[in-house]
Amino acid sequence: MKDCIFCQIANGTIPSSKVFENDDFVAFNDLAPTAPVHVLVVPKQHVQSINQITDAETEDQFAHFFSTVQAVASQLGLAESGYRVVINTGADGGQTVPHFHAHIIGGKALGWPPFAD
Ligand code: 5GP
Ligand code: ZN
């Protein structure tokens, strides 16, 4: 999608600090990290949010989503220490970029609950 920040990062039009890439997904460092490690895992195909993972094409693509998250987290050295995967969805969920993405956050012990009123 032409004006989408994450589509442009995925296709290289907007530069980013990429840490991982496979056929379907790209992972790059968040511009405003909230922890020592804060990486976003983004599908190359534009999908707005979890709510739009509906047709066969997107379902097929997302079948590999968790193995990609696992590979990225391992590469970042988080497998043993642990990490959090966050998928903000829609306005109340705090989604600010309308292109599906998962945050991988780690590198320190994270507080719970994760939200602030
Ligand atoms: P959301 O709030 O939608 O779950 O997360 C969007 C994330 O994208 C935020 O953590 C924000 O810092 C990050 N972000 C927004 N624009 C850019 C950008 O141009 N480059 C990178 N690397 N991260 C971005
Ligand atoms: Zn997009």
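**Strands, a zinc site and a ligand**

Tutor: Strands β1 and β2 are joined by a hairpin that passes through three residues, and since everything we discuss belongs to a predicted model, we shall speak of what the model shows.

Student: How many bridges join strand β1 to β2, and in which direction do the two strands run?

Tutor: Strand β1 covers residues 18–21, and the bridge partner of F20 in β2 is A27. In the same way, E21 has V26 in β2 as its bridge partner. Taken together, β1 and β2 run antiparallel, and the number of bridges that join them is three.

Student: Which residue of β3 stands opposite F25?

Tutor: Strand β2 is also joined to β3, by five bridges, and these two strands run antiparallel. Within β3, the residue that stands opposite F25 is P43.

Student: Is strand β2 largely enclosed or largely open, and how many of its residues are buried?

Tutor: A residue counts as buried when its relative accessible area is under 20%, and we can apply that test to strand β2, which spans residues 25–29. The strand is largely enclosed by the rest of the structure, because the number of its five residues that are buried is four.

Student: Which residues give the protein donors of the zinc ion (ligand 2)?

Tutor: The donor atoms lie 2.0 to 2.3 Å from the zinc ion (ligand 2), and they are SG atoms of cysteines and ND1 atoms of histidines. In sequence the donor residues follow the spacing C-x2-C-x38-H-x52-H. The residues asked for are C4, C7, H46 and H99.

Student: What is the geometry of the site of the zinc ion (ligand 2)?

Tutor: Ideal angles for four tetrahedral donors are 109.5 degrees. At this site the angles among the four donor atoms are 103 to 118 degrees. Four donors count as tetrahedral if all angles lie between 85 and 135 degrees, so the geometry of the zinc site is tetrahedral.

Student: How many residues apart are C7 and H46?

Tutor: C7 sits in helix α1 (residues 5–10), whereas H46 sits in the loop between β3 (37–43) and α2 (56–62). C7 counts as buried at 8% relative accessibility, while H46 is partly exposed with a relative accessible area of 23%. The pair links distant parts of the chain, and the separation is 39 residues.

Student: How much of the area that ligand 1 exposes when taken alone does the protein bury?

Tutor: Of the 16 residues around ligand 1, those that come nearest are N29, D30, N88, T96 and H103. A backbone N or O atom of N29 lies 2.9 Å from a nitrogen atom of ligand 1, and an N or O atom in the side chain of H101 is 2.9 Å from an oxygen atom of ligand 1. Taken alone, ligand 1 exposes 520 Å², and the share that the protein buries is 82%.

Student: Which two residues does a cis peptide bond join?

Tutor: The omega angle of this bond is about 5 degrees. One partner, P113, is placed in the segment after β5 (102–106). The two residues joined by the bond are W112 and P113.

Student: Is S67 buried, partly exposed or exposed?

Tutor: S67 is found in helix α3 (residues 65–75). Partly exposed residues lie between the cut-offs of 20% and 50%, so S67, at 40% relative accessibility, counts as partly exposed.

Conventions
Residues are numbered from 1 along each chain as its sequence is written. Chains are lettered from A and ligands numbered from 1 in the order in which they are written. This is a predicted model: local features need pLDDT of at least 70, side-chain atom pairs count only at pLDDT 80 or more; totals for chains, interfaces and linings use all residues. Side-chain values use heavy atoms; hydrogens and water are left out. Donors are N, O and S atoms within 2.8 Å of the metal (3.2 Å for Na, K and Ca); water is not among the atoms, so sites may look incomplete. Four donors count as tetrahedral if all angles lie between 85 and 135 degrees; four count as square planar and six as octahedral if opposite donors are over 155 degrees apart and all others between 65 and 115; anything else is irregular. Buried means under 20% relative accessible area, exposed over 50%, partly exposed in between (1.4 Å probe, protein chains only). Two strands pair if DSSP finds at least two bridges between them. A residue is near a molecule or strand if one of its heavy atoms lies within 4 Å of it. A polar contact is a pair of N or O atoms within 3.5 Å; within protein, one must be able to donate a hydrogen and the other to accept it, and residues adjacent in sequence count only if both atoms are side-chain atoms. Accessible areas come from the Shrake-Rupley method with a 1.4 Å probe; for residues, only the protein chains shown count as cover.
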